[in-house]
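Please look over this predicted model. The report below takes up its charged pairs and then its sheet.

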Amino acid sequence: MQFKGFSPKTIEYLRNVRANNSKVWYEAHREDYKQFVRQPFMDLVEDLTPTVREIDPDFITEPVKCLSRIYRDARFTKDKSLYRDSAWIVFRRPTENNLEGPAFFAEIMRDGCRYGMGAYDSSPKTMMALRKFIVDSPETFAEAADPITNSGLLVMGDRYKRFPAGFTELAESKGLRPWYEMKNFFISSPILPHEAFFSADIVDEISEKFKVCASFYKLLCEIEKYVIMDDGSLPPKNTVQDFEW
């Protein structure tokens, strides 16, 4: 095992970079970033790679490509801070812009840390396909989704103010209403205290919960393949029967 845990120095650095968000300060503390943020995340990627590769052999697992950049893209935001005060890793398939499709993540934020899986950047067409799948195959969807909600993971994201049309009594009976009303979503652990990531034991916890999400991840990958036709139907009829870890 490579990962030995983050440390209070990690949190101290991220807080300080927010308070001293300048090139001069960053250059003076570049080695702190490498030692207390970058390297532990690189080690975490190494230790999680066997698990995520079992879930999807096509995942990008090169540590430097999984780690978020310290530099912010401030071109299209009012916040012109140069450097991020949070950091994360992402495991996903290679795509044109490396933003599309479901992905697994772990991150450290100002108020805590968390891990999970999601498709927060899914297009409206993808979410339309997901709702269509819920209507056409509620049993299959519930079989993949229920282990997530039963594991203590949270379904988070933006919801429609007006509930979308087309929902069925069968889907209701399977408890799929919360999924059907999502504009976008991600699955996350509760926000944990920073100290949760100070121990190497967090690797086993994250691996276990990633495995819980594996069947649902594979289902999402199938749904991503569907193209919504002009009449709202899915070609062809859903053929996914089940997914097993």
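## Salt bridges

The model, a predicted one, holds 10 salt bridges. Several of them are described here, pair by pair.

Some of the charged residues form a network. Salt bridges link Arg18, Asp85 and Arg110 in it.

## A pair within helix α3

Lys34 and Glu31 form a salt bridge through their side chains, at 3.7 Å from N to O. Both residues belong to helix α3. They sit three residues apart, which is about one turn of the helix.

How accessible is Lys34, in relative area? The value is 37%, so Lys34 is partly exposed.

## A pair between two loops

The side chains of Asp56 and Arg93 also meet in a salt bridge, with an N to O distance of 2.5 Å. This pair links distant parts of the chain. Asp56 lies in the loop between α3 and α4 (63–66). Arg93 lies in the loop between β1 and β2. The two residues are 37 residues apart.

Is Asp56 buried or exposed? Asp56 counts as buried, because its relative accessibility is 3% and the limit for buried is under 20%. Arg93 has a relative accessibility of 33%, so Arg93 counts as partly exposed.

## The pair Arg177 and Glu172

Arg177 and Glu172 make a salt bridge as well. Their side chains meet at 2.8 Å, N to O.

Arg177 has a relative accessible area of 36% and is partly exposed. Glu172 is at 35% relative accessibility and counts as partly exposed. Partly exposed applies to both because these values fall between the limits, under 20% for buried and over 50% for exposed.

## The sheet

Five strands make up an open sheet. Their order is β1-β2-β3-β5-β4, and the pairing is antiparallel. Which strands are at the edges? They are β1 (87–91) and β4 (154–156), and each pairs on one side only. From one strand to the next, the twist averages 25°.

At the β4 edge, the neighbour is β5 (residues 186–188). The two strands pair in the antiparallel sense over three bridges. Within this pairing, Val155 has Ile187 of β5 as its bridge partner.

## Helix α3 on the sheet

Helix α3 covers residues 30–55. It lies across β1 and β2 (103–109). At what angle does α3 run to β1? The angle is about 20°.

Helix α3 thus appears twice in this report: it carries the pair Lys34 and Glu31, and it lies across two strands, β1 and β2.

Terms used
Residues are numbered from 1 along each chain as its sequence is written. This is a predicted model: local features need pLDDT of at least 70, side-chain atom pairs count only at pLDDT 80 or more; totals for chains, interfaces and linings use all residues. Side-chain values use heavy atoms; hydrogens and water are left out. Two strands pair if DSSP finds at least two bridges between them. Helices (H or I, at least four residues) and strands (E, at least two) are DSSP runs, numbered from the N terminus. Axes are lines fitted to C-alpha atoms, for helices over the stretch in contact, and angles run from 0 to 180 degrees between N-to-C directions. Contact means heavy atoms within 4.5 Å. A salt bridge is a side-chain nitrogen of Lys or Arg within 4 Å of a carboxyl oxygen of Asp or Glu. Buried means under 20% relative accessible area, exposed over 50%, partly exposed in between (1.4 Å probe, protein chains only).
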